[in-house]
Structures are given as C-alpha cells and as structure tokens.
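Me: I should like a close look at one part of this model, set out as a connected account. Please treat the packing of the helices in detail and then place it beside the rest of the chain.

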Amino acid sequence: MNRTLSFSVKLLAGLLLLGCLAIAAIAWLNLRGEAPVSDIIPTAAPSAELVQRGAYLARAGNCAACHTERGGAAYAGGKALATPFGTVFAGNLTPDAETGLGRWSADHFWRALHHGRSRDGRLLYPAFPYTEYTQVTREDADALYAFLRTVPAVHQANRPHELRFPYSTQAALAVWRALNFQPGGFEPEKARSAEWNRGAYLVRGLGHCAACHAPRNFMGATQNHLGLDGGLIPMQNWYAPSLASPAEAGLQDWSEADAIALLQHGISPRGAAMGPMAEVVYASTQHLNAADLQAMAVFLRELPRQAPAPQPHARANATVLGLGAKLYQAQCAACHGDNGAGSGSAYPALAGHRGVTQASSANLVKVIIHGGFPPTTDGNPRPYGMPPFGQSLDDTDIAALASYVRSAWGNSASGVTPFDVSRLR
C-alpha cells in the first residue's frame with residue numbers, strides 16, 4: 001500500500017514537473033528575442049518627411065484595408081475579419097489615448113509588428129499578419145508609428161473578438177505561436193541585386209503576400225517554407241494562385257512591363273486582377289512608386305518555377321459538356337466569342353486563360369456566381385466587368401458551364417461538380 005502510494009506521489013510529481021517544463025518552454029518560445037521596451041512617448045512632432053514616409057508604407061502594407069470599417073473613420077478599427085476559428089475585430093490605430101495608440105510608445109508599436117505582442121503584453125492573433133511583418137525594419141516601423149500618430153484621433157473602443165473555445169484563450173494562442181511563429185528580420189541575399197532584395201522585402205514583409213498566396217496547415221498557419229505556392233483564402237473561398245507556377249499566377253514568362261502594369265493598373269496584356277487581388281491593387285500597389293513596383297516585378301519574375309498542380313477531377317462527361325456548351329452560347333459568347341477568343345482587354349480570351357485552366361476552379365466559379373471587376377486605377381479608370389450569374393443559374397448549370405469552359409478550345413482542365421459550386425457560394 002505504501003509502495004503504491006509512493007509510486008502515485010512520484011508519478012504526480014513527475015507529471016507536474018513535465019507540465020511546468022512545458023509551460024516554461026512555451027513561455028520562452030513566446031518571449032525569445034524580445035528586448036525590454038520603453039514606455040516613453042515622444043513629445044516632439046515627427047518630421048514631415050518621416051510622416052510622409054510612414055503614410056507611403058501604410059499604403060504598401062494596405063493597413064487601412066483591415067483597420068477601417070466600411071463607412072467608418074480611417075484606421076479606427078472595428079472591421080470584422082472572419083476566420084475558421086471565429087471572428088477577429090481589427091484594432092483602433094488612431095492616436096486616441098483610451099481606445100487607440102495614444103499611449104503606445106514606438107517600442108510598443110515595434111514589438112507588435114516584430115513580436116506580435118500588444119502594449120499590455122497580450123499575444124496578438126495572427127489575423128494581424130505579424131508573421132510577415134516581423135521582417136519589417138525598425139526604421140520602417142518607426143515611420144509607420146510617426147504617421148499613425150498624425151491621423152485624426154477617434155474614440156472608438158475595440159470590439160472583443162468572438163472566437164470559439166479554446167481559440168479564445170491566450171494559452172491556446174501561446175501554443176499556436178510556439179509551434180508556428182518565430183520572430184525574424186529581413187536578411188538581404190548578398191548574391192542578389194539591391195533591386196531584387198527590395199522587391200523581396202516588400203513581397204515578404206510589408207506586402208505580406210504569403211498571407212494569401214501561401215498554403216496553410218491544419219492550424220491555420222501559413223507554411224512560408226513552401227514559398228508562395230498558392231492556397232485557398234480562408235472564409236473568402238477565393239484561391240490565391242501560386243506565384244511560383246507559370247501555369248497559375250507566376251510572372252516568370254511575363255515581361256517586366258506587363259508585370260508592373262498588373263501591379264500598378266490591375267490589368268495588363270497578359271491578365272487582370274480580380275477578387276481580393278483587385279482590392280489589393282486598388283488600395284495598395286497602384287500607389288507604390290515606380291522603383292518599388294519594378295523591384296517587386298523583378299523579384300516575382302525570378303521566383304523558382306513550380307510544376308503545375310495536378311488536376312483534382314476527371315474531365316466532365318459529354319452530357320455535362322453539352323449543357324455547358326448551350327449555356328455558354330446563351331450567356332457568354334456575345335462577349336467572349338464563339339471560340340473563346342475574347343475581344344481585346346475588355347473581354348478576355350478564355351481559350352488558354354490560366355485562371356480558367358489552373359487546377360483550382362474556385363476563382364472561375366466565384367466569378368461566374370458573383371461577377372467581378374478589375375480595380376479602378378489611373379491606368380484603367382473605367383474597367384469592364386463580369387456580370388453575376390449566381391441568381392439565374394443553379395449549381396448544376398454553373399458546374400456545367402465551368403466544366404465546358406475548362407475543356408473547350410484546347411483547354412484541358414478537369415470538370416467542376418455541383419458540390420464544388422455549392423461549397424464556393
């Protein structure tokens with residue numbers, strides 16, 4: 001009896017020790033690399049040059065897209081960001097002392113970008129892409145901080161997140177970070193040109209392109225080690241195509257001028273930005289200067305090539321393709337042509353269009369259902385758009401139409417099922 005009790009006590013003690021060691025390890029993993037922060041808030045006004053630089057960087061990082069609610073004040077937060085784990089609400093970035101960044105020092109702001117930790121020490125949810133912003137330099141962080149301190153202060157309390165248990169707990173977030181996040185910094189590649197490195201910095205850091213264009217694991221973390229290999233954007237159901245594959249969105253075979261045109265104007269002789277990417281061009285990349293646009297184009301055009309992803313299904317049968325052909329003639333041929341050749345930049349060719357033939361049919365289906373427009377830009381002030389057919393065509397019709405377009409005029413992509421369409425609606 002005593003020996004049994006002694007064993008139980010030792011077992012319990014061992015389990016407690018292991019638990020304490022695990023907690024200590026997780027705590028260390030979440031604090032690694034952090035330096036003490038200063039609470040001192042600058043009293044002198046930042047220089048106009050620094051504020052202007054920060055405003056430019058805020059555009060490059062597309063900060064307003066998440067931190068400005070539709071119809072709300074700029075950078076005042078409150079926008080709902082849906083995730084597979086619940087809803088996260090963007091924070092107030094205005095310099096209000098009670099609800100915004102008014103009591104944040106430059107160190108606090110740097111720590112948020114670099115380490116994903118709030119002013120009060122709370123761990124931040126990675127809907128705020130500090131997993132990519134950790135590469136932003138301290139100089140750029142300070143410029144962003146200076147700019148945000150000059151925007152009009154808005155007293156708007158931050159809404160609490162609406163996340164399911166256990167994702168709503170700091171403990172669960174600490175475990176997630178221990179497994180999926182490590183603070184870093186941008187390290188220029190010495191063998192590459194300054195221009196290439198600038199493009200890499202913008203794409204990997206402020207531009208946080210991997211937040212959409214990288215696949216995610218079962219915990220929702222971007223798998224950056226796989227590069228910009230494409231992935232389904234959570235909750236939006238748009239597919240961010242691979243920037244490494246010329247069969248998807250890779251720019252390796254594009255001219256530099258065409259690549260720049262896509263980033264600056266949202267449209268080029270080789271393709272157009274639609275869906276979430278159209279929003280990125282509209283709010284962010286069209287405002288970048290010529291040097292940064294060229295640097296991004298240089299970097300993206302030199303990404304290592306990736307083989308095309310395998311097609312997920314077999315080609316559709318003759319009955320489905322017959323229905324799709326009739327629907328195409330009735331709904332699409334007037335603009336895109338009987339042979340799918342299109343008509344100039346207004347009505348793109350569907351024959352050989354990689355957005356049509358890539359392994360994922362998600363974007364084609366989304367455009368058929370909801371329609372879409374390229375962004376309005378200086379280079380494309382009156383974009384032509386695609387009307388929605390989601391209310392006039394059911395899932396079976398849309399699946400047949402998409403299957404036909406993916407297999408006609410030399411296209412050889414797999415078929416689309418009604419279940420695929422239902423899932424993407």
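At what angle do helix α16 and α17 pack, and how far apart are their axes?

Reply: The model is a predicted one, and its confidence should be stated before the packing is described. The chain has a mean pLDDT of 91, and 92% of its residues reach 70 or more. Residues 17–25 have pLDDT under 50 throughout, and for this stretch the model shows 0 contacts beyond four places in sequence.

Helix α16 comprises residues 362–370, and it packs with α17 at an angle of about 130 degrees, the two axes lying 10 Å apart. The two helices are therefore oblique to each other, since the angle falls outside the ranges for roughly parallel, roughly perpendicular and roughly antiparallel pairs. The crossing of α16 past α17 is right-handed. On the α16 side the contact involves Leu364, Val365, Ile368 and Ile369, which meet Ile398, Leu401 and Ala402 of α17. Sorted by class, this contact contains 7 nonpolar residues, with no polar and no charged ones.

Helix α17, residues 395–405, also packs against α13, residues 318–331. Here the axes come within 7 Å and cross at roughly 90 degrees. An angle from 65 to 115 degrees counts as roughly perpendicular, and α13 and α17 are therefore described in that way. From α13, the residues in this contact are Val320, Leu321, Leu323, Gly324, Ala325, Leu327 and Tyr328. Their counterparts in α17 are Thr396, Asp397, Ala400, Leu401, Ser403, Tyr404 and Val405. The class count for α13 with α17 is 10 nonpolar, 3 polar and 1 charged. Leu401 of α17 takes part in the contact with α13 and also in the contact with α16.

A further helix pair can be set beside these. Helix α10 (residues 256–265) packs with helix α12 (residues 290–301) at about 120 degrees, and their axes are 9 Å apart. That angle makes α10 oblique to α12. The crossing of α10 and α12 is right-handed. On one side of the contact stand Glu256, Ala259, Ile260, Leu263 and Gln264 of α10, and on the other Leu293, Gln294, Met296, Ala297, Val298 and Arg301 of α12. This contact divides into 7 nonpolar, 2 polar and 2 charged residues.

Beyond the helices, the model has an open sheet of 3 strands, ordered β1-β2-β3 and paired in the antiparallel sense. Its edge strands are β1 (80–83) and β3 (162–163), each of which pairs on one side only. Between β1 and β2 there are 4 bridges, and the two strands form a hairpin with 2 residues between them. Within this pairing, Leu81 is opposite Val88 of β2. Strand β2, residues 86–89, is joined to β3 by 2 bridges. Gly86 has Leu163 of β3 as its bridge partner, while Thr87 is partnered by Glu162 in β3.

Two backbone features in loops complete the account. Most residues other than glycine have a negative phi, and most peptide bonds are trans. Against that background, the peptide bond between Phe165 and Pro166 is cis, with omega about 5 degrees. Pro166 belongs to the loop between β3 and α7 (170–180). His208, a residue other than glycine, has a positive phi, near 35 degrees. The loop that holds His208 lies between α8 (194–206) and α9 (210–213).

To return to the part requested, α16 and α17 pack at about 130 degrees with axes 10 Å apart, through a contact that has 7 nonpolar residues and no polar or charged ones.

Note on methods
Residues are numbered from 1 along each chain as its sequence is written. This is a predicted model: local features need pLDDT of at least 70, side-chain atom pairs count only at pLDDT 80 or more; totals for chains, interfaces and linings use all residues. Side-chain values use heavy atoms; hydrogens and water are left out. Two strands pair if DSSP finds at least two bridges between them. pLDDT is the predictor's confidence in each residue, from 0 to 100. Contact means heavy atoms within 4.5 Å. Axes are lines fitted to C-alpha atoms, for helices over the stretch in contact, and angles run from 0 to 180 degrees between N-to-C directions. Angles under 35 degrees count as roughly parallel, over 145 as roughly antiparallel, 65 to 115 as roughly perpendicular and the rest as oblique. A crossing is left-handed if the near helix is turned anticlockwise from the far one by less than a right angle, and right-handed if clockwise. Ala, Val, Leu, Ile, Met, Phe, Trp, Tyr, Cys and Pro count as nonpolar, Asp, Glu, Lys and Arg as charged, and the others, Gly among them, as polar.
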